Amino acid sequence: MTQFLKTTQIAIHGARTLPRRYYVAPEIFAEEFERIFTQRWLCVGRADRIANPGDYVLQPVGNESIIVLRDRSGGVRAYYNVCRHRGTRLCEEASGRFSETIQCPYHAWTYALDGRLIGAPSSGEIEGFTKADYPLHRVAVEQWEGFLFINLAEEPEPFASAYARLLGRFSRFNLPALAVARTLEYEVRANWKLLFQNYSECYHCGPVHPPLAKLTPPTSGENDLVDGPFTGGFMVINEGHQSLTMSGRSCGLMVGDLPKEDLNRVYYYAIFPNMLLSLHPDYVMFHTLWPEAPDRTRIFCSWLFNPDSLTDPACNPDDGIEFWDMTNRQDWHICEQSQLGVQSRAYEPGPYSKRESLSVQFDREVLRALGHRAPVT
């Protein structure tokens with residue numbers, strides 16, 4: 001929802017929207033999966049999803065299934081949901097708790113939570129067989145600000161390097177200590193890139209989001225991240241309002257030790273390739289996006305609050321949640337209309353305005369990740 005930076009314009013050089021094939025072609029979608037979603041760090045939600053030793057969640061990534069778990073020592077690990085015997089999926093339930101081990105339901109090959117194969121019935125009959133040769137296939141996993149990230153690459157870029165521009169940037173918002181009040185799931189009939197592009201500009205806010213535009217001027221604010229995989233900045237809350245809620249009032253306690261200037265700002269950051277982070281004075285909202293087809297994306301949206309806001313009768317988290325559920329649905333609807341339009345043979349790339357400069361940057365990041373040149377239009 002952020003605008004163009006007032007003090008340092010981003011050069012967009014007559015940029016146009018992407019050609020039709022980037023939104024409809026199965027081969028482009030497959031290439032995005034291989035070059036982006038198996039190579040970049042993906043947010044899989046909050047670390048408290050696996051709060052206790054043995055807790056796990058399954059995270060689909062395209063056709064892959066990843067087990068993310070907390071081991072007996074409290075560490076976080078991730079594995080492909082694939083038995084080393086015949087490849088059978090080890091887990092079916094989306095979440096749960098392992099007692100001590102992970103056992104394949106097919107032939108009972110059994111693994112410790114650290115991935116070691118510790119039981120393989122009748123394997124003594126297999127010539128040269130050694131259990132140590134058959135651990136679960138690992139997936140890189142990291143934690144940042146209370147969030148979990150996985151990376152399916154064989155040699156992933158170190159998280160500290162990939163996320164260097166974000167490390168420490170949001171410490172004042174006290175993100176690790178916040179509690180999830182609610183998570184909503186949406187299935188949107190639109191390409192994942194349309195959703196990122198929409199989030200990255202407020203050019204559309206007047207016609208699409210009148211209640212939002214009433215609370216925060218669509219042309220307000222500045223961007224502080226304007227290139228690379230992470231972009232965004234802040235918008236200003238109108239005088240007389242305290243937060244983005246149905247009532248316009250704060251719906252929770254302050255999330256952290258915020259400076260005065262943050263009390264009337266909302267920060268929006270697009271974190272390539274699957275996370276959107278929105279920071280308000282009284283709550284934080286984040287989305288994770290999971291492409292399922294060229295024209296379909298599954299989205300999870302969660303709202304984080306100061307834990308005391310969830311028990312204080314003076315707080316009303318639903319006031320903020322209902323506001324953004326309404327706004328989300330407005331966004332999803334207009335993005336679905338965009339998808340229907342770009343699928344038409346009549347669609348041609350159109351010119352971006354200066355108020356869409358972060359959408360231009362997003363397109364550039366996609367093309368860079370795919371190794372494609374900017375299309376000639």
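Which residue in β10 does C43 stand opposite? C43 faces F149 of that strand. The structure is a predicted model, in which local features require pLDDT of at least 70 and side-chain atom pairs count only at pLDDT 80 or more, while totals for chains, interfaces and linings use all residues. Residues are numbered from 1 along each chain as its sequence is written, and side-chain values use heavy atoms, with hydrogens and water left out.

**Sheets**

Strands are DSSP runs of E with at least two residues, and helices are runs of H or I with at least four residues, numbered from the N terminus. Two strands are taken to pair if DSSP finds at least two bridges between them. In general, strands of a sheet pair through backbone hydrogen bonds, either parallel or antiparallel.

One open sheet consists of three strands in the order β1-β10-β9, with antiparallel pairing. Its edges are β1 (42-46) and β9 (140-144); each has a single partner strand, so one side of each lacks a neighbour in the sheet. Neighbouring strands of this sheet are turned by 30° against each other on average, direction ignored; the axes are lines fitted to C-alpha atoms, and angles run from 0 to 180 degrees between N-to-C directions. Strand β10 (residues 147-151) is joined to β1 by three bridges.

Another open sheet, also of three strands with antiparallel pairing, has the order β6-β7-β8. Here β6 (101-103) and β8 (117-119) stand at the edges with a single partner strand each, so one side of each is left without a neighbour in the sheet. The twist averages 35° from one strand to the next. Two bridges connect β7 (residues 110-112) with β8, and Y111 of β7 stands opposite L117 in β8.

**Aromatic rings**

Rings of Phe, Tyr and Trp (its six-membered ring) pair if their centres lie within 6.5 Å; planes under 30 degrees apart count as stacked, over 60 as edge-to-face and the rest as tilted. The count comes to 29 aromatic pairs. Two of them share F159:

| Pair | Centre distance | Plane angle | Class |
|---|---|---|---|
| W41 and F159 | 5.4 Å | 85° | edge-to-face |
| F159 and Y163 | 4.3 Å | 15° | stacked |

The pair of W41 and F159 links distant parts of the chain, 118 residues apart: W41 lies in the loop between α2 (26-37) and β1, and F159 in helix α3 (residues 159-162). Buried means under 20% relative accessible area, exposed over 50% and partly exposed in between (1.4 Å probe, protein chains only). W41 is buried, as are F159 at 6% and Y163 at 2%.
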